[in-house]
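The exercises below are meant to be worked with the sequence and the model side by side. Try each task before reading its solution.

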Amino acid sequence: MGISSGVGVALEGVHASVAALDSLAAEDTFMAAGVGVGADVDVLQRRYELRLTRLEVSSRLRAQLAAVEAQDAAECVGFQQALLAPDAPVHEGTFAELSVVEEIAGVLTISSAAAGSFVEQSRRVCALPQVLEALAAGDLSWQHARIVADETEGLTPDGAAALVAHFFDPDAPNPARGAAPGELVPSRFRTKVRGWRERHHPETLGKRHAKGVVDRRMEYTPDRDGMAWISLHLPGDTACAIWNRTTATARGLQGPDEPRTLTQLRPDIAASLLLGTGTSAREAAAGGAAGTTGDAAGTGAGSVSGTGSAAWSNSDIGRVPTPRADVLVMVPVFSLLGITDEPAELDGHGPIPASMARKLVADGAESFYRVLVDPRDGAPLEIGRKRYRLPETIKQWIRMRDGKCTFPGCNNHTSDNETDHLTAWDHGGTTGAGNLGQLCPKHHRLKHARPWIPDKATENGPPGWTSPTGRHYKPEHHDPEPTHWPPGILPSNLSTVAPEATAAPNVTAPSVAAVSGHAGGRNVAGPAEDLPCQPLLAEAPMWLLEAPEHEEPDGENLLETDDLCATDALWDDFYAMPFVLPPDPQADWQLLLSLM
């Protein structure tokens, strides 16, 4: 779609939206006057629904007008560049574009910097046809389009095209699931786009993170009414743990005798701990409420306790402890073992470098929950229960699956979200992953106070919602991807197996044919000698290629796992077993990788 033709499409949409607004206004006028209103019509409810519909149409109209403006801004620059002589010096083109920016700033009554940013974003959006088409149709807002333009910056043309196809082309390989881009609030859409970009950026996340760590800083910004902002730019795991800890502490302090809100408690706790005004988080928060500032010789976190002039330790001040707050991280096993650098997923943050995840595992985490992940598409496998009382494993599972409060548009991903029965227990709802969803306290109360109806959750996705007026909001799904296998272990054409194929390989003999012939239940490779990994696997350790023979253990009190009900309490004992890695495979892997 060319730019000029795109303007025509957008203008057609504008005319249709204006006509729809006229029709809604006319109906509202009749409703207010009582003309042609049946006795069974609830006038107030209908006028309420008309206003919601009018807001919806107005939002679509703003998007369509934004498409017109973006194309006009891009064409203004193009026309001025076309007016230049072919042999015009470079500075003439620069001045021509600068003049256009200043003209647009005057027409829109915005600053030169804002106009320059608008022109640059408009050109990037217009260079992405699928994004421009969605904007012209009113399917997403200008803010959504800007997010795509921002996140494709720094990517190669092929990388930018792949990102756009993932979110806007349903026929693309492994397309985005769940709600469409325009159905997500901009902050949630940015989270999904950024997560995809982090995994597909031409430079590894570990290298980019190393550069970002160098730029860590603390900023102070005065504000009005005697207030100010303090901002910290930190590694994601540290920032996430700070947020979770202050939130959990604030929740613990709330009660009948605590007048402060959760929002007020968080800064009180953080300020008091930093300034050393209490010996505990509870005392720190109390000090913050009283306006106590204390001094660096206090006995709070990071200081040396004592009755005299206790002093800060320089080594303590400079050392950032490994987060030990409730941080949930999902690490691919090959990444955990250091064989690949596939990013891990940090709850409440998104992708993190493999090195950061390994450090959390080795130094910081006090408890782990084993999660079975489908290697074909990266989706976690469901754990089911039917008791009302939730075991901790199920709570952590739901937290990992949903990622945040599942209510439409809510961005609350704190660890104190509540796991709610989608269909109430006393209405026959079961306590299994398909009937559980994560809700923040506010939306948990709203669900029980007004008829906001959740859908059933799926195996790997949170529920959608239906509002009291019947509008349905699709769920936000994560975009899991197939596990990254170490290079050369499997043939490259195995990656083409569809995620919906059946079970994973069942390797029974040390032959390449056995590895390749059962991928997803499909024979995707030829003879063993034709496979690119044949030389590699010929030297592979036996434990990689051979499945151990089944040995029937002694005893009469054994059960076949297939005969054991998924709701049996024995599964709790199984999942409570400590996480133990197999005997160190590094020597074998090093031998294997050295052959690549």
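Two strands pair if DSSP finds at least two bridges between them, where strands (E, at least two residues) and helices (H or I, at least four residues) are DSSP runs, numbered from the N terminus. This is a predicted model, in which local features need pLDDT of at least 70 and side-chain atom pairs count only at pLDDT 80 or more, while totals for chains, interfaces and linings use all residues. Residues are numbered from 1 along each chain as its sequence is written, and side-chain values use heavy atoms, with hydrogens and water left out.

**Exercise 1. Sheets with three strands**

Work out the strand order of the open sheet that contains E4, and find which strands stand at its edges.

Step one is the order, which is E3-E4-E5 with antiparallel pairing. In general, strands of a sheet pair through backbone hydrogen bonds, either parallel or antiparallel. Step two is to look at the register: E3 and E4 are joined by two bridges, and Val329 has Leu346 of E4 as its bridge partner. Step three concerns the edges, where strand E3 (329-330) and E5 each have a single partner strand, so one side of each lacks a neighbour in the sheet.

The loop between strand E4 (344-346) and strand E5 (350-352) holds Gly348. Gly348 is partly exposed, at a relative accessible area of 29% (buried is under 20%, exposed over 50%, and partly exposed lies in between, with a 1.4 Å probe and protein chains only). Although Gly348 and Asn412 are 64 residues apart along the chain, their C-alpha atoms are separated by 8.7 Å.

Now repeat the analysis for the open sheet of E8, E9 and E10. The order is E8-E9-E10, again written with antiparallel pairing, and the edge strands are E8 (453-454) and E10 (472-473), each of which pairs on one side only. Strand E9 (residues 465-466) is joined to E10 by two bridges, and Trp465 is partnered by Tyr473 in E10.

**Exercise 2. Two antiparallel strand pairs**

Describe how E1 pairs with E2, and how E6 pairs with E7.

For the pair made by E1 (residues 217-222) and E2 (residues 228-233), six bridges join the antiparallel strands, and Pro222 has Ala228 of E2 as its bridge partner. Five residues lie between the strands of this hairpin, in which Asp225 takes a positive phi near 60°.

For the pair made by E6 (residues 418-421) and E7, four bridges join the antiparallel strands, with Thr419 opposite Gln438 in E7. In a regular strand the side chains alternate between the two faces of the sheet. In E7 (residues 436-439) both faces are covered, with Leu436 and Gln438 buried on one side and Gly437 and Leu439 buried on the other.

**Exercise 3. An enclosed helix**

Why is helix H6 described as largely enclosed by the rest of the structure?

Begin with the count: eight of the eleven residues of H6 (residues 142-152) are buried, so the helix is largely enclosed. Next, identify these residues, which include Trp142, His144, Ile147 and Glu151. Then ask what covers them; the cover includes helices H2 (43-83), H4 (112-126), H5, H7 (157-168) and H8 (186-200). Finally, inspect the helix end, where Gly154, just after H6, takes a positive phi of about 90°. Helix H5 (residues 129-136) has its own buried residues, namely Val131, Leu132, Ala134, Leu135 and Ala136, and Gly138, just after H5, takes a positive phi of about 80°.

**Exercise 4. A cysteine pair**

How many disulfides does the rule give, and why are Cys405 and Cys410 not bonded?

A disulfide is taken here as a pair of cysteine sulfur atoms within 2.5 Å. The sulfur of Cys405 is 3.7 Å from that of Cys410, its closest cysteine sulfur, which is too far for a bond. The count by this rule is therefore zero disulfides. Both cysteines can also be placed by accessibility: Cys405 is buried, with a relative accessible area of 0%, and Cys410 counts as buried at 9%.

**Exercise 5. The chain as a whole**

Summarise the chain by its elements and its burial.

The chain has 22 helices and ten strands, and 37% of its 596 residues count as buried.

Technical notes:
Contact = heavy atoms within 4.5 Å.
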